[in-house]
Amino acid sequence: MSAYIVIDLDIRDPDGFQRYVERVTPLMDKAGARNLVVDEAPLVLEGDWKPSTLVIHEFPDLAAAQAFWDAPAYQPLKTLRRDHSSVRVVVGATG
């Protein structure tokens with residue numbers, strides 16, 4: 001069952017955030033994840049949720065998503081991400 005990390009992303013510093021992207025991409029590749037959506041103008045169909053940028057990552061399963069999120073190598077990258085953006089993050093799995 002695939003798992004999907006869904007992110008409501010607001011980038012404050014594009015150059016700083018790009019450093020995060022460059023460092024997190026190899027970790028995502030190693031975790032078997034892939035970017036499905038990076039949309040800077042998502043269409044809100046209902047409700048008051050208005051993400052600046054909608055990001056969806058697909059992982060092989062919930063365990064892989066959780067392992068990525070908790071990985072020691074990812075922890076300093078969370079700090080880097082927080083320095084240059086704010087996020088709301090959820091994960092859900094199929095099946």
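In this predicted model, Tyr74 is buried, with a relative accessible area of just 1%. Tyr74 pairs with the ring of Trp69, and the two form a tilted aromatic pair, 5.6 Å centre to centre with 55° between the planes. Trp69 counts as partly exposed, at 24% relative accessibility, because the buried class ends at 20%.

That pair is one of several. By the ring-pairing rule the count comes to five aromatic pairs. Another of them brings together Phe59 and Phe68: their ring centres are 5.4 Å apart and their planes meet at 45°, so this pair is tilted. The angle falls between the 30 degrees below which planes count as stacked and the 60 above which they count as edge-to-face. Both partners are hidden from solvent by the accessibility criterion, since Phe59 is buried at 1% relative accessibility and Phe68 is buried at 7%. Ring pairs link Phe17, Tyr20, Phe59, Phe68, Trp69 and Tyr74 into a cluster.

Several of these names return when we turn to nonpolar packing. The largest nonpolar core has 17 residues, and those with the most contacts inside it are Tyr20, Val24, Phe59, Phe68, Tyr74 and Leu77. Which elements build this core? At least two residues each come from β1, α1, β3, α2 and α3. Val24 gives a local view of the packing: leaving aside residues up to four places away in sequence, Val24 touches Phe68, Tyr74 and Leu77.

Now let us follow the helices. Helix α2 spans residues 62-70, and its buried residues are Ala64, Ala65 and Phe68. Seen down the axis of α2, these buried residues fall within an arc of 100°, so they line one face of the helix. A general point about helices helps here: with 3.6 residues a turn, residues three or four places apart in an α-helix point the same way. The buried residues of α2 pack against β1 (3-11), α1 (14-30), β3 (53-59) and β4 (85-93). At the N-terminal end of α2, Asp61 acts as a cap, with a side-chain oxygen 3.2 Å from the backbone nitrogen of Ala63.

Helix α3 can be read in a similar way. Its buried residues are Leu77, Lys78, Leu80, Arg81 and His84. They cover an arc of only 160° around the axis, which puts them on the same side of α3. What lies on the face turned away from that buried side? There, α3 carries the exposed residues Pro76 and Asp83. The buried residues of α3 are covered by elements including β1, α1, α2 and β4.

His84 deserves a closer look. This residue belongs to helix α3, residues 75-84, and it is buried, with a relative accessible area of 9%. The side chains of His84 and Asp13 are joined by a polar contact of 3.1 Å. Not counting residues up to four places away in sequence, His84 touches Ile11, Arg12, Asp13, Gly16, Phe17 and Arg19. Phe17 is also a member of the aromatic cluster described above.

Next come the charged pairs. Side chains of opposite charge can pair when their charged atoms come close. How many salt bridges does a search of the whole structure find? The search gives two. One joins the side chains of Arg88 and Asp8, with an N to O distance of 3.5 Å. This pair links distant parts of the chain, with Arg88 in strand β4 and Asp8 in strand β1, 80 residues apart. The partners sit in contrasting surroundings: Arg88 is exposed, with a relative accessible area of 61%, whereas Asp8 is buried, with a relative accessible area of 8%.

Glu58 and Arg34 form a salt bridge too, and their closest N and O atoms are 2.6 Å apart. Here again distant parts of the chain are linked, as Glu58 is in strand β3 and Arg34 in strand β2 (residues 34-39), 24 residues apart. Glu58 counts as buried, at 13% relative accessibility.

From Glu58 it is a short step to Leu36, which is found in strand β2. Leu36 touches Tyr4, Ile56 and Glu58, not counting residues up to four places away in sequence. Leu36 is partly exposed, with a relative accessible area of 38%. Finally, the C-alpha atoms of Leu36 and Asp10 are separated by 18 Å, and these residues are 26 places apart along the chain.

How values were computed. Residues are numbered from 1 along each chain as its sequence is written. This is a predicted model: local features need pLDDT of at least 70, side-chain atom pairs count only at pLDDT 80 or more; totals for chains, interfaces and linings use all residues. Side-chain values use heavy atoms; hydrogens and water are left out. Buried means under 20% relative accessible area, exposed over 50%, partly exposed in between (1.4 Å probe, protein chains only). Helices (H or I, at least four residues) and strands (E, at least two) are DSSP runs, numbered from the N terminus. The arc is that of the directions from the helix axis to the C-beta atoms. Contact means heavy atoms within 4.5 Å. A polar contact is a pair of N or O atoms within 3.5 Å; within protein, one must be able to donate a hydrogen and the other to accept it, and residues adjacent in sequence count only if both atoms are side-chain atoms. A salt bridge is a side-chain nitrogen of Lys or Arg within 4 Å of a carboxyl oxygen of Asp or Glu. Rings of Phe, Tyr and Trp (its six-membered ring) pair if their centres lie within 6.5 Å; planes under 30 degrees apart count as stacked, over 60 as edge-to-face and the rest as tilted. A nonpolar core is a set of buried Ala, Val, Leu, Ile, Met, Phe, Trp, Tyr and Cys residues joined through side-chain atoms within 4.5 Å.
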